[in-house]
Amino acid sequence: MKIVVCIKQVPATGADKRYTDDLRLDRNGVEAIINPLDEYAIEQALRLADDGSADGVTYLSMGPEQASEALRRALAMGGDDAVLITDPALAGADEWATARVLAAALDKLAPDVALMGMASDDARGSLVPGAVAAMRDVPLLSYGAELAVADGTARVRRLSATGYDWISAPLPVVATVTDQVGEPRYASLKGIMAAKRKPMETWSLADLGLSAADLRGAALTTVTDTRPPEEKPPTERIENLPAAEAAAEIADWLAQRKLI
Amino acid sequence: MSNDILFLAEFSGGKPARSALELATGAAELASQSGGAAVALAYGSGAAAGAAALGAHGATRAIVLGDEDRPAITYAPAAVAASRDAGLAVLAPATPNGRDLAAALVGTLDLPAFGPVRAARVVEGTLETEQATLQGRVITTARPADGAPTPSIVLVLANTFAPAEGGSGSAEVSEAPAAAESALARASVAESHEADAKVVNLEEASIIVAGGRGVGSEEGFGPLRDLASALGGAVGASRAAADAGWIPYQLQIGQTGKVVKPALYIGAGVSGAIQHRVGMQTAEHVIAINKDPDAPIGEFADLFVVGDLFQIIPALTDEIRRRKGS
């Protein structure tokens, strides 16, 4: 059973982020990390390798050349090899274009499970995994708090409105996992050294049999404007008051806004 | 191509989700701008019987994709058949089920995707959306690229549209067109487990009282529940509180929990870490109650009450009950 974990390099949480003049995320001088939610997908894949359910873990990323650093960091946690898809025509790719490219790469890698994080830190649509599943015509098992694979079937434990369900589908599948799979492991020094010797390939669009025209300028959407959020009035503070008086002030505040 | 605005209308246990009512009204608003009709794509148990009543909230027509409780993604083939060349936009709730179906539409029909948005409109025949990006520091306006296929897929945050009430209209109901074979239909529920405690759907609450690490224990949520009940709201939590097992994960707000947009959010003992903030930053009013005068939540709350939540919250509950005369 072979797993491909799709990971995305993103600006560090809390980094000073901004848009460039052409309304794309400015990545210059911003510390880049593995999307934190993808680390849970890595951890889930490595657990399946540890318990013998998986016999191969490959990482796949699409991004600029520096995204190879994210792949090296993943390889330091464990796993076997990695593929970076990088191409100038992919700059500014939207969710549809990203899914198109990942689907083509997964067609080539043909894993039993394509595993992804539930969302990325820098864009919050969470549509790429489902779009990839639809493009490859394989089942989608999403938002798993846990992923199990046995006898040609994958299952995820997913929160329901009133509890949780185990949702299953025959392999191959696209699956996504949440932060409930367990804390991602740290890379050991030995792991970091070993990662340097693990194979990493770089593919262009042409290697996937895709052209820039297939991706329609890398996006079906266009950002027409960015602006700061509406100015909020400064925070009002209630301090050093006995509880009953503080409560009365809060209630007045709520009443003024017709919230009670 | 028509100028219709479609929307996903989820049903379960015989009833429409609140998102279905909100999106019915939102779709009607956009349809009035585009010169089309608001069309429901209704799925889940109760959809067949309940679809017509979406007319009271703004839907002109309703297409029933299916009427069983099964994984939402398995309705993708029917949703695809009903959406193909079917209008200007499909509105989907920004929930796990809504995202799964939206993604299937994007991937199967090669459609532009937006969101989660906090506003949407049709300007001179073109869809325009507004989204908070970079952790709320930037508001981005986006449109379909020139010549992009339709319909556009739009993930919509809860409470972006207020459901119109008091309408008496009835939507014209039809069955979904025949769907193509798809592997997406192969997911099924293998086992179902009920949680120990009954949990509410936080995305539907207009008032939320959320507890964080400062609540300290499972019992510590008692006073928060009392306040929520006095306000007619629901209790939520930060990840720290859910991880500690004080409250079910269904009630977790944040990056990996629910994304909520209530009229009022009260955070008690919640520090306001960025991962929590992205789940509630679009709340209309934010009150924070925290012992730590330097807690990050103080930077973005509208009202910051510095003090002991175990004294202030019961006092506030009493005060509200007194004013409501109950």
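The following exchange goes through the terms used for this predicted two-chain model and sets the computed values against their definitions.

Me: What kind of model is this, and how are its residues and chains labelled?
Reply: This is a predicted model, in which local features need pLDDT of at least 70 and side-chain atom pairs count only at pLDDT 80 or more, while totals for chains, interfaces and linings use all residues. Residues are numbered from 1 along each chain as its sequence is written, chains are lettered from A and ligands numbered from 1 in the order in which they are written, and side-chain values use heavy atoms, with hydrogens and water left out.

Me: How do you know that chain B and chain A are in contact?
Reply: Contact means heavy atoms within 4.5 Å, and by that rule 84 residues of chain B are in contact with 81 residues of chain A. The residues on the side of chain B that touches chain A divide into 48 nonpolar (Ala, Val, Leu, Ile, Met, Phe, Trp, Tyr, Cys and Pro), 21 polar (the others, Gly among them) and 15 charged (Asp, Glu, Lys and Arg).

Me: What area do chain B and chain A bury between them?
Reply: Buried area is the accessible area (1.4 Å probe) that two parts lose on being put together, summed over both, and for chain B and chain A this comes to about 6,900 Å², with 57% of it on carbon and sulfur atoms. B:Leu134, B:Gln255 and B:Leu303 supply 9% of the area that chain B buries against chain A, more than any other three residues.

Me: Why is the pair A:Lys232 and B:Asp302 called a salt bridge?
Reply: A salt bridge is a side-chain nitrogen of Lys or Arg within 4 Å of a carboxyl oxygen of Asp or Glu; the side chains of A:Lys232 and B:Asp302 meet at 3.3 Å, N to O, so the pair satisfies the rule. Across the interface of chain B and chain A the rule finds eight salt bridges, and the structure holds 26 over all chains.

Me: What makes the salt bridge of B:Arg239 and A:Glu183 one that joins two chains?
Reply: The side chains of B:Arg239 and A:Glu183 meet at 3.4 Å, N to O. B:Arg239 lies in helix α6 (residues 239-243) of chain B and A:Glu183 in the loop between β11 (173-177) and α5 (189-195) of chain A, so the pair joins two chains. Helices (H or I, at least four residues) and strands (E, at least two) are here DSSP runs, numbered from the N terminus.

Me: Why is B:Arg239 called partly exposed and A:Glu183 exposed?
Reply: Buried means under 20% relative accessible area, exposed over 50%, and partly exposed in between (1.4 Å probe, protein chains only). B:Arg239 has 26% relative accessibility and therefore counts as partly exposed, whereas A:Glu183 has 52% and therefore counts as exposed.

Me: How do you know that helix α3 of chain B is largely enclosed?
Reply: Eight of the eight residues of helix α3 (residues 76-83) of chain B are buried, so this helix is largely enclosed by the rest of the structure. What covers these buried residues includes β1 (5-12), β3 (38-43), β4 (61-66), β5 (89-93) and α4 of chain B. Just after α3(B), B:Asp85 takes a positive phi of about 50°.

Me: Why is B:Ser45 called buried, and what does its side chain meet?
Reply: B:Ser45, found in the loop between β3 and α2 (47-50) of chain B, has a relative accessible area of 14% and therefore counts as buried. The side chain of B:Ser45 makes a polar contact with the side chain of B:Asp69 at 3.3 Å; such a contact is a pair of N or O atoms within 3.5 Å, where within protein one must be able to donate a hydrogen and the other to accept it, and residues adjacent in sequence count only if both atoms are side-chain atoms.

Me: What makes strand β13 of chain A and strand β9 of chain B a pair?
Reply: Two strands pair if DSSP finds at least two bridges between them, and six bridges join strand β13 (residues 221-227) of chain A to strand β9 (residues 138-144) of chain B, which run antiparallel. In β9(B), the bridge partner of A:Val223 is B:Ala142. Within chain A, strand β4 (residues 56-62) and β5(A) pair in the parallel sense over five bridges, and four of the five residues of strand β5 (residues 81-85) are buried.
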